[in-house]
Number of protein chains: 2
Amino acid sequence: MKEVQNSWPAGIKRTRQRQSVFSVLESSGKPLSASDICLKIEKNGEAVWLSTVYRALELFVKKGVVIKTNVMNNEMAVYELNRFKHKHYAVCINCRKMIAVENCPMEKFIPELEEDDFHVMGHNLEVYGFCKDCNPK
Amino acid sequence: MKEVQNSWPAGIKRTRQRQSVFSVLESSGKPLSASDICLKIEKNGEAVWLSTVYRALELFVKKGVVIKTNVMNNEMAVYELNRFKHKHYAVCINCRKMIAVENCPMEKFIPELEEDDFHVMGHNLEVYGFCKDCNPK
DNA sequence: TGCGCAATTGCGTATCATTCGCATTTAGCC
DNA sequence: GGCTAAATGCGAATGATACGCAATTGCGCA
């Protein structure tokens, strides 16, 4: 039904289920949870078991193809394609919408830390507040 | 055995269990998980049920007395006393040690976001890498 | 100073995301 | 087309956290 034969990350065996997970992520503009992905695949008329989605995501993350993030205290992890563009999200406290934040305040900051004998490998930044639709004011 | 009658947050009914949770946090230099807290209390010869610890922490967080944070993709939440000093942590990928980072790169950054119709209420920042004991180099 | 009642706790069980185990199926090299 | 390692379906396990309810406790009030 759908023709998604195009891009495929190297070094990963191509199966129908992984292909489905990948193309859902590819066509999504925002990070998705494992069950979001599962639902979207089922909506396309295909079947995937949730644990298979988790396994595919785990593999993609290990290969650096997908980025896993955790939003707001606990809850569940969300996944997005690694488009190799450094970014962060502003998360709405009310509707949980995630808005990408373009530039990162960390660049100038990391060298300071390196001086304190901490070898920085990466960072997570998450801003929370109210989006314009939910702004109580 | 221990005399911890001193400080107590206003508007919270004082019970033995809550007192225990509070004083463990008070005397800890680093954030602790709910079960860490439980173990430390038991080590002091007192008994607390884990769910009671969770309930106490939940209350403290709601009252703003305690700060809840989630470290590194999923895992579990850690809690620390709110000492009203804004800070972040550098987390070691290897030994999970958390090192407080003094200054925050976000101050200048938030006004930019506000312009994009996002009303910022707060932020989480977590830097990860290798501490000096675990530095592979 | 003791009573009464609402709030809290002990304790077990439920929930929810995620992981694991294993038998069956599949991808893709020969 | 057949073979084998890898992947999947499926269910059940796990681990953090929440919840329900009866028993207990803190504490305001008489």
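Is Cys104(B) buried or exposed? With a relative accessibility of 9%, Cys104(B) counts as buried, and this residue returns in two of the close-up views described below, which are all drawn from a predicted model.

**View 1. Cysteines without a disulfide.** A search through the whole structure finds zero disulfides over all chains, and two cysteines show how this comes about. The sulfur of Cys95(A) has its closest cysteine sulfur in Cys134(A), at 3.7 Å, which is too far for a bond because a disulfide requires the two sulfur atoms to be within 2.5 Å. Cys104(B) is likewise in no disulfide, and the nearest cysteine sulfur, which belongs to Cys104(A), is 12 Å away. As for their surroundings, Cys95(A) counts as partly exposed, at 34% relative accessibility, whereas Cys104(B) is buried, at 9%.

**View 2. The interface of chain A and chain B.** Here 35 residues of chain A are in contact with 34 residues of chain B, and the area buried between the two chains is about 3000 Å², with carbon and sulfur atoms giving 63% of that area. The count of salt bridges between chain A and chain B is zero, while ten residue pairs are found in polar contact across the interface. On the side of chain A that touches chain B, the elements that give two or more residues are the strands β2 (66-70), β4 (88-92), β5 (98-101) and β6 (119-130), together with the helix α4 (110-115). Of these, β6(A) gives the most, with twelve residues. Sorted by class, this side of chain A has 19 nonpolar, eleven polar and five charged residues.

**View 3. Helix α1 of chain A and its neighbours.** Helix α1 of chain A covers residues 16-26, and its buried residues are Gln19(A), Ser20(A), Val21(A), Phe22(A), Ser23(A), Val24(A) and Leu25(A). What do the buried residues of α1(A) pack against? Their partners in chain A are β1 (32-33), α2 (34-43), α3 (50-62), β2 and β3 (77-81).

**View 4. A salt bridge that starts from helix α1.** Over all chains, the whole structure holds six salt bridges, and one of them joins Arg16(A) to Glu46(A), with the closest N and O atoms 3.9 Å apart. Arg16(A) belongs to helix α1 of chain A and Glu46(A) to the loop between α2 and α3, so the pair ties together parts of the chain that are 30 residues apart in sequence. Both ends are partly exposed, since Arg16(A) has a relative accessibility of 45% and Glu46(A) has one of 29%.

**View 5. Two further salt bridges, one in each chain.** In chain A, Lys87(A) forms a salt bridge with Glu80(A), the closest N and O atoms being 3.8 Å apart. The two ends of this pair lie in unlike settings, for Lys87(A) is partly exposed, with a relative accessible area of 28%, but Glu80(A) is buried, with 12%. In chain B, the salt bridge between Lys97(B) and Asp133(B) has its closest N and O atoms 2.8 Å apart. This pair links distant parts of the chain, as Lys97(B) is in the loop between β4 and β5 of chain B and Asp133(B) is in the segment after β6 (119-130), 36 residues apart. Lys97(B) is partly exposed, at 34% relative accessible area, whereas Asp133(B) counts as exposed, at 60%.

**View 6. His88(B) and its surroundings.** His88(B) is found in strand β4 (residues 88-92) of chain B and counts as buried, at 6% relative accessibility. Its side chain makes a polar contact of 3.1 Å with the side chain of His86(B). When residues up to four places away in sequence are not counted, His88(B) touches Ile99(B), Ala100(B), Val101(B), Cys104(B), His123(B), Asn124(B) and Leu125(B), and Cys104(B) is the buried cysteine of the opening question.

**View 7. Arg96 in chain A and in chain B.** Although Arg96(A) is not a glycine, this residue has a positive phi of about 65°, and Arg96(B) also has a positive phi, near 65°. Arg96(A) is found in the loop between β4 and β5 of chain A, where a relative accessible area of 37% makes this residue partly exposed. Arg96(B) lies in the loop between β4 and β5 (98-101) of chain B and counts as partly exposed, at 36% relative accessibility.

Methods
Residues numbered from 1 in each chain as written. Chains lettered and ligands numbered in written order. Predicted model: local features only at pLDDT ≥ 70, side-chain atom pairs only at ≥ 80, totals over all residues. Heavy atoms only, no water. Buried < 20%, exposed > 50% of the residue type's maximum accessible area, 1.4 Å probe, protein only. Contact = heavy atoms within 4.5 Å. Buried area = accessible area lost by both parts, 1.4 Å probe. Salt bridge = Lys/Arg side-chain N within 4 Å of Asp/Glu carboxyl O. Polar contact = N/O pair within 3.5 Å; in protein donor to acceptor, adjacent residues only side chain to side chain. Helix = DSSP H or I, 4+ residues; strand = E, 2+ residues; numbered from the N terminus. Nonpolar A, V, L, I, M, F, W, Y, C, P; charged D, E, K, R; others polar.
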